[in-house]
Protein chains: 2
Amino acid sequence: MELIRIPRIMQESCKKYLLKGRTIGFVPTMGALHDGHMSLIGRARVENDIVVTSLFVNPIQFGPSEDFEKYPREIENDRKKMQNSDVDILFLPAGDQMYPRDFSTFVHVDAVSKRLCDSFRPEHFKGVSTVVAKLLNIVSPTRAYFGQKDFQQTIVIKRMVKDLNFDSEIVVCPTVREQDGLAMSSRNLYLDEEQRKAAPVLYRTLNIAADAVKSGTKSPAEIRELMRALLSAEKFITEVDYASLYDPETFDEIDEKKRDILIAAAVRFGDVRLIDNLLVTI
Amino acid sequence: MELIRIPRIMQESCKKYLLKGRTIGFVPTMGALHDGHMSLIGRARVENDIVVTSLFVNPIQFGPSEDFEKYPREIENDRKKMQNSDVDILFLPAGDQMYPRDFSTFVHVDAVSKRLCDSFRPEHFKGVSTVVAKLLNIVSPTRAYFGQKDFQQTIVIKRMVKDLNFDSEIVVCPTVREQDGLAMSSRNLYLDEEQRKAAPVLYRTLNIAADAVKSGTKSPAEIRELMRALLSAEKFITEVDYASLYDPETFDEIDEKKRDILIAAAVRFGDVRLIDNLLVTI
């Protein structure tokens, strides 16, 4: 596995492969790799000639009061995992290489950003779309892989790629879960033992809501109420940011039955914010 | 000359040339071609294997009260000029191909946009950087050519290309002028006979300012005053948007002598807004 730290050199390396007609599969990460990341890398390996990953904890997608400084960093461990998964190139840039002091360009995806998580993490998606625009230009991937756990992120990125005519396919892969159903996330590492035991309530609640949607016995408003009740009843959950049924294209909360429904929730276990979602087609 | 209207097909065509190792020189235009455009095309022809132009009057860079509807459109004439200049591909997209109804992604270049022209044409540079981001992704040019007449535009685009890691070189070419010094611009077509006769006062004023800068006998404040006086004395000029000395990197108005000085002005002849600039190194 080649390790490259300089954007310009990374761009040249990827271009060489593209000029030889090779396809590039790209998995951008913020490190602290778990099986969710590994499933993305595995899929990229199967579908492309060259697999490129990046490891960069992107400062501009964290709010001032958020966990940028303490976000888990396990670079050596991550490197080994990537090496063992047959990754061809790891891009590991320094912060000032990605954002020099005079950096001042930002990509805004207006319509689909201003919902759900954005209400609680303003500026978050602007940071995500900007760094993904940069990475797509540096790597020029044939396909880039993202996990469904961050559903809104995948929609924002797809929208950006379409609107700005990036020549990459965005591939969204299923959420990988722990045995007890908790969606894998680097932030799970923050949970203490009791919070970790309680955390599967999030996935359980989504499943109960999904069953209710499929059975058709409850209205969207009733299901919303049920979700809130189930989550609020868990004593380690200190805050429910949102928990409801949404249109998966627009993120409008839905009040009538639709063909495709996104069941999504974000909750806080103290300082730790967890999100999860299920996409239901009826 | 090939004519392509669909972004996806344009992207595929350009990619084929790039895969063969050809360089692409790109000249984006809004049509109504004059000798300034032709000089960009000529330079692109000399420096690249393939020359690509675009002709698209970009709606999102015009303000609501501006001249989008009446902006000069001479498509047949422009086509012939491009054909005669040995252009390989003309990209001529329809508006809804570039901006479908659900379009919602915009590129903002914060630092260098919020000065000079932006005060008078708010949102203008957001429209420029967004369309140029799209065009760079569609064409993937080795080099893209812009005229120095739109100096602030060239700085905004260079900043965006650097910040978002686009793999294209931005080439800025000297302003081409009429015999009497008026900078070539598609908007010159709007001037009536008397306004047209008076218009060279803009370039004359810039030159007087440049001489004053070089001779070192006047302070920046005095030169500013002189420029305003010369422009305001012209009866067909109905408004001076700005006229001063600037730092060419930041567009801060300068009060002390610097090595590089941008002398720039924007004036209105009735509804017609003209800009011009000189870059002076002392």
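# Tour of a two-chain predicted model

Start at Phe251(B), found in the loop between strand 8 (239–246) and strand 9 (260–269) of chain B. Helices (H or I, at least four residues) and strands (E, at least two) are DSSP runs, numbered from the N terminus. This is a predicted model: local features need pLDDT of at least 70, side-chain atom pairs count only at pLDDT 80 or more, and totals for chains, interfaces and linings use all residues. Residues are numbered from 1 along each chain as its sequence is written, while chains are lettered from A and ligands numbered from 1 in the order in which they are written.

**Two positive phi values**

Stay on Phe251(B). Its phi is near 65 degrees, a positive value in a residue other than glycine. Most residues other than glycine have a negative phi. Phe251(B) counts as buried because it has 22 C-beta neighbours inside 10 Å. The cut-offs are 20 or more other C-beta atoms within 10 Å for buried, 12 or fewer for exposed, and anything in between for partly exposed, with C-beta atoms placed from the backbone.

Next, select Asp86(B). Look in the loop between helix 3 (75–84) and strand 4 (89–91) of chain B. Here too phi is positive in a residue other than glycine, near 70 degrees. Asp86(B) has 12 C-beta neighbours inside 10 Å, so it counts as exposed.

**Ile41(B) and Leu3(B)**

Move to Ile41(B), in helix 2 (residues 35–47) of chain B. Is Ile41(B) buried or exposed? Buried, because 22 other C-beta atoms lie within 10 Å. Show its contacts (C-beta atoms, placed from the backbone, within 7 Å). Leaving out residues up to four places away in sequence, Ile41(B) touches Val27(B), Val51(B), Thr53(B), Ser85(B) and Val87(B). For a long view, draw a line from Ile41(B) to Glu256(B): their C-alpha atoms are separated by 38 Å.

Now pick Leu3(B), in strand 1 (residues 2–4) of chain B. Leu3(B) counts as exposed, since it has 12 C-beta neighbours inside 10 Å. Beyond its neighbours within four places in sequence, Leu3(B) is in contact with Leu90(B) and Leu92(B). Ser54(B) is 51 residues from Leu3(B) in sequence, but 9.7 Å away in space, C-alpha to C-alpha.

**A helix pair in chain A**

Switch chains. Show helix 10 (residues 201–215) and helix 11 (residues 220–232) of chain A, which pack at about 160 degrees with their axes 10 Å apart. Axes are lines fitted to C-alpha atoms, for helices over the stretch in contact, and angles run from 0 to 180 degrees between N-to-C directions. That makes helix 10 of chain A roughly antiparallel to helix 11 of chain A; angles over 145 degrees count as such, under 35 as roughly parallel, 65 to 115 as roughly perpendicular and the rest as oblique. Colour the contact residues, among them Ile208(A) of helix 10 and Leu226(A) of helix 11.

**Where the chains meet**

Finally, show both chains. The contact takes 25 residues from chain B and 25 residues from chain A. Which element gives the most to chain B's side? Strand 5 of chain B, with 5 residues.

Superpose the copies: a turn of 180 degrees and a shift of 0.0 Å along the axis lay chain B on chain A with an RMSD of 0.0 Å. The fit is by least squares on the C-alpha atoms of residues with pLDDT of at least 70 in both. The two copies are thus related as by a two-fold rotation axis. The same surface serves both: 100% of the contact residues of chain B recur in chain A.

How values were computed:
Two residues are in contact if their C-beta atoms, placed from the backbone, lie within 7 Å.
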